Amino acid sequence: MILDETLRAQLMPYMDLLENPIILKVDADLESENGKKIVEFTDELASLSEMISKETAKLNRKTAFSIEREGVSGVLFSGLPLGHELNSLVLALVQVSGRPPRIEQELVERIQAIQNPLHFETYVSLTCHNCPDVVQALNTMSILNPNISHTMIEGGMFQEEVEAKGIMAVPTVFKNGEEFHNGRASLEELLEKITGPESSEAFFDKDPYDVLVVGGGPAGASAAIYAARKGIRTGLIAERFGGQPLETLGIENLIGTPYVEGVQLGRQLEEHVKKYPVDLMNLQKAVKLEKKDLIEVSLENGALLKSKSVIISTGARWRDLGIPGEQEFKTKGVAYCPHCDGPLFAGKDVAVIGGGNSGIEAAIDLAGLVRHVTVLEFLPELKADKILQEKLATLNNVTVLTNVETKEILGDDKVRGLNYQVRGSKETVHLELAGVFVLIGLVPNTQWLEGTIDLSARGEILTDKVGATNLPGVFAAGDCTDSVYKQIIISMGTGATASLGAFDYLIRN
Ligand SMILES: Cc1cc2nc3c(=O)[nH]c(=O)nc-3n(C[C@H](O)[C@H](O)[C@H](O)COP(=O)(O)OP(=O)(O)OC[C@H]3O[C@@H](n4cnc5c(N)ncnc54)[C@H](O)[C@@H]3O)c2cc1C
């Protein structure tokens, strides 16, 4: 039985949401193990509700099943949408049955306006927490527009196909047979990639704000909510609303919320901000800040926004190694997400660069999936918590190299190895590897402020007790500042502080 009691219990409540009968069309070969799994899975799925029927059919792809409804273009799953993809299955069932997706009408109209035929294929792993957003977005597009079709392909079931296509990171999306996108993306981001950016005209005649928040992570969301609750005109620009929580699997230390998935927290932040009259401008990047009569923030799309005060909460991103081969082999063996991409390296040798908490957590995770893990740490000792180091020491397929400097990542169409040197020696050592996971910490997103605002030697914005920077009217919060600890709850707290600080500034000026 594939749908065990727990899975059935998770799925059953959604069966009441089915609005019209739907059909599972199955194209699977009973001679193959995978074909049998598809048949068994769809039999069990159909048994959950009288609204679901099942038939065999010739589909575009074998070892697959589609979810269809009369008159509605459906979606295709090649493999079993379990693990992190269970929600994708639920949403597909419910949306194909006729329940409208929970997206803004403006997005629905943009999707329905697409006229050229587009066929998407998304390769996923079931442990990838970045994959479902992409699968769900493309499924929704294919349900809303008959010119669009989408197939989710479970990489674990089609290892040879994954190898042949050179896929080394998930999600990887193909559009009409050509590689189109790698990594996490929201529906808006994918739509922008398909149709081109929205016109920037809408940005040109915006009235000045009282508070303009730059950054849409926990700090920015908190700052915007605090400002809007004061009844002042608030805007928020985010390159990608949600911030780092979107990269996080589960969060267990947000006090009052014992557990929340990172992606879910991102959605909750957005929902919370949208409860207030905040002018939310997602997928917009600030590139310059200038203090004139008002504070002016230039966007990458050419628009200029003005505000009486600004709160910068642009957070941080993964630090790059900055060595030859790193950029060239991104998504071709150089990876940053062990949960997502680890399964693609099953049975192979990989390296983890970085001996801090995130590096050692990654090494422990990967050791259960791959043949061998080599950890390379620049410092003479690992920096990870003792408990993680002790766990690592119990694993017999991990080698730890300390005091070493990774010099180059090598390969042809994908990673084949790396070169490192023991620090202080000139001798280069070569390791043959299929993957290199880079986990060497974070760097603040403040390069666009260099020369404008006082930054620490590490590029962090210097702030005082109320989040004020050296530039009057400009405040900062969260991971982009010199706050000692970088955590969600701290970012939310400093976001609130900066917002109250900005309000106080507005009253006094
Ligand atoms: C893998 C991982 C796991 C973690 N786990 C936990 C955990 O369990 N618990 C915990 O408390 N913390 C955890 N953290 C840390 C936590 O996520 C951060 O401390 C927190 O997200 C910081 O919030 P922030 O709003 O300051 O910045 P971010 O979350 O980094 O958000 C920054 C925002 O600014 C936007 N932005 C950046 N540059 C620009 C620009 N130029 N213009 C416009 N917008 C811009 C980004 O798109 C984003 O919206 C984790 C971090 C990672 C990476």
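Visitor: Which residues does the UniProt annotation "domain: FAD/NAD(P)-binding" cover?

Guide: Keep in mind that we're looking at a predicted model. The label comes from an unreviewed UniProt entry. In the model, the end C-alpha atoms of that span lie 22 Å apart, with 19% helix and 32% strand along the way. The annotation covers residues 209–493.

Visitor: And how is the chain split in the domain assignment, in particular domain 2?

Guide: The assignment gives domain 1 as 5–195 and domain 3 as 334–440. Domain 2 is written as two segments, 209–317 + 443–508.

Visitor: What area is buried between domain 1 and domain 3?

Guide: Their centres, taken over C-alpha atoms, are 34 Å apart. Still, 12 residues of domain 1 are in contact with 10 residues of domain 3. Carbon and sulfur atoms give 61% of the buried area, which comes to about 950 Å².

Visitor: How many salt bridges and polar contacts cross that interface, and how do the residues on the domain 1 side divide?

Guide: Across the interface of domain 1 and domain 3 there is one salt bridge. Four residue pairs are in polar contact there. On the side of domain 1 that touches domain 3, the residues divide into six nonpolar, five polar and one charged.

Visitor: Which side chain does lysine 348 meet in a salt bridge?

Guide: The cut-off for this kind of pair is 4 Å from nitrogen to carboxyl oxygen. Here the N to O distance is 2.6 Å, so the pair passes the 4 Å rule. The partner of lysine 348 is glutamate 163.

Visitor: Where's the cis peptide bond around proline 171?

Guide: Proline 171 sits in the loop between helix 6 (159–164) and strand 7 (172–175). Omega is near -5 degrees for the bond from valine 170 to proline 171.

Visitor: What phi does leucine 283 have?

Guide: Leucine 283 is in the loop between strand 13 (278–282) and strand 14 (286–291). Although leucine 283 is not a glycine, its phi is positive, at about 60 degrees.

Technical notes:
Residues are numbered from 1 along each chain as its sequence is written. This is a predicted model: local features need pLDDT of at least 70, side-chain atom pairs count only at pLDDT 80 or more; totals for chains, interfaces and linings use all residues. Side-chain values use heavy atoms; hydrogens and water are left out. Domain bounds come from an automatic or database domain assignment. Contact means heavy atoms within 4.5 Å. Buried area is the accessible area (1.4 Å probe) that two parts lose on being put together, summed over both. A polar contact is a pair of N or O atoms within 3.5 Å; within protein, one must be able to donate a hydrogen and the other to accept it, and residues adjacent in sequence count only if both atoms are side-chain atoms. Ala, Val, Leu, Ile, Met, Phe, Trp, Tyr, Cys and Pro count as nonpolar, Asp, Glu, Lys and Arg as charged, and the others, Gly among them, as polar. UniProt positions are given in the numbering used here, feature names are shortened, and annotations may be inferred rather than shown by experiment. Helices (H or I, at least four residues) and strands (E, at least two) are DSSP runs, numbered from the N terminus.
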